[in-house]
Amino acid sequence: FRRPYAMATRTESKSSDPKDVEMEEEEPVEKSPEQLKKEEDAAAVERIRGHVRLIEKATSTKEPRHISRILLALRSTRRMLNHAVLRQLLVAFFPPVSGDKDSLLAFLDDRMESGVEAGGGERAKSAKSPSAAHLPEVNRYLHLLIVVHLIDTDRHGDAVCCADLLMEKVKKQSSSYRPTMNQLVAKCYFYYSRVYELVDRLDEIRSFLHARLRTATLKHDTDGQACLLNLLSRNYLHYNLYDQAAKLQAKSDFPDA
């Protein structure tokens, strides 16, 4: 009867090994609101850097589907935007001396919204070009983000001016055909019309939308056609011009999906 007793003793001594005792978990150190804000801004910048890489991939491979992914994520991306994030992006992707960058920075306050410094970001590295903003798609995307942010912060007057500058770029680019630009430009049309709707000046852009619709039709830009037809119909209905809206729908062929 002694042998089982000895085995039990050895088992007890084995289970009481200090190494088997679970260590108490250390309590995580609480971060200050400033530190949390810095991390959120850094995550937002890195996310948009990933979008720029996708745009570069789309232009090099002529695959518009990469642009579609970015635009589908715009709803969540816009919630991450603030002046500090946008400033860091402009500094990162535009050349040091750039009138375009200066005009966009003018729409952002000097007061920083977080600990990210305006000039503190490293310049973005691109395998294709010294500055990714040389690509029209990247330039339009960053410009569009500023327009969206101005809308979200209820700075409608600045948003109108910023959207007007964006449309000037779109008109200048109309002479060249870039299939990766169509979806992005259609989104620009939407927010351009949205800005004028917010300030109740939709009638001022009706002729412009008609001109862009003719251009999109001639270029077989189905994304632009679909967007502009909807915007023009909304424009007419906003002013109760039902007959004009009906005539537009009757004379226009909505593009196939």
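The exercises below work through aromatic pairs and salt bridges in a predicted model.

**Exercise 1.** Classify the ring pair formed by Phe190 and Tyr191, and state for each residue whether it is buried or exposed, or in between.

*Solution.* Begin with the search of the whole structure, which finds 3 aromatic pairs. In the pair of Phe190 and Tyr191, the ring centres are 5.0 Å apart and the planes stand at 85°. Ring centres have to lie within 6.5 Å for a pair, and planes over 60 degrees apart count as edge-to-face, so the pair of Phe190 and Tyr191 is edge-to-face. Turning to accessibility, Phe190 has a relative value of 33% and therefore counts as partly exposed, whereas Tyr191, with a relative accessible area of 9%, is buried.

**Exercise 2.** Work out how the rings of Tyr192 and Phe208 are arranged, and which helices their pair ties together.

*Solution.* Take the geometry as the starting point: the ring centres of Tyr192 and Phe208 are 5.3 Å apart and the planes meet at 65°, so this pair is edge-to-face. Next, locate the two residues, since Tyr192 belongs to helix H9 (residues 182–198) and Phe208 to helix H10 (residues 206–218), which means that the pair ties together parts that are 16 residues apart in sequence. Both Tyr192 and Phe208 are buried. Finally, look beyond the pair, where Tyr196 joins Tyr192 and Phe208 in one aromatic cluster.

**Exercise 3.** Describe the salt bridge between Glu137 and Arg178, and explain which parts of the chain it ties together.

*Solution.* The whole structure holds 11 salt bridges according to the search. In the one between the side chains of Glu137 and Arg178, the N to O distance is 2.8 Å. Glu137 sits in helix H7 (residues 136–152), while Arg178 sits in the loop between helix H8 (156–173) and H9, so the contact ties together parts that are 41 residues apart in sequence. As for accessibility, Glu137 is buried at 0%, and Arg178 is partly exposed with a relative accessible area of 27%.

**Exercise 4.** Give the N to O distance in the salt bridge of Glu204 and Arg201, determine how accessible the two residues are, and then consider other salt bridges.

*Solution.* The side chains of Glu204 and Arg201 meet with 3.0 Å from N to O. Buried means under 20% relative accessible area and exposed means over 50%, so Glu204, at 44%, is partly exposed, and Arg201, at 30%, is partly exposed. Elsewhere, Asp158 and Arg155 form a salt bridge whose closest N and O atoms are 2.7 Å apart, and Asp158 is partly exposed at 29% relative accessibility. A network of salt bridges links Arg194, Glu197 and Arg234.

Terms used
Residues are numbered from 1 along each chain as its sequence is written. This is a predicted model: local features need pLDDT of at least 70, side-chain atom pairs count only at pLDDT 80 or more; totals for chains, interfaces and linings use all residues. Side-chain values use heavy atoms; hydrogens and water are left out. Rings of Phe, Tyr and Trp (its six-membered ring) pair if their centres lie within 6.5 Å; planes under 30 degrees apart count as stacked, over 60 as edge-to-face and the rest as tilted. Buried means under 20% relative accessible area, exposed over 50%, partly exposed in between (1.4 Å probe, protein chains only). Helices (H or I, at least four residues) and strands (E, at least two) are DSSP runs, numbered from the N terminus. A salt bridge is a side-chain nitrogen of Lys or Arg within 4 Å of a carboxyl oxygen of Asp or Glu.
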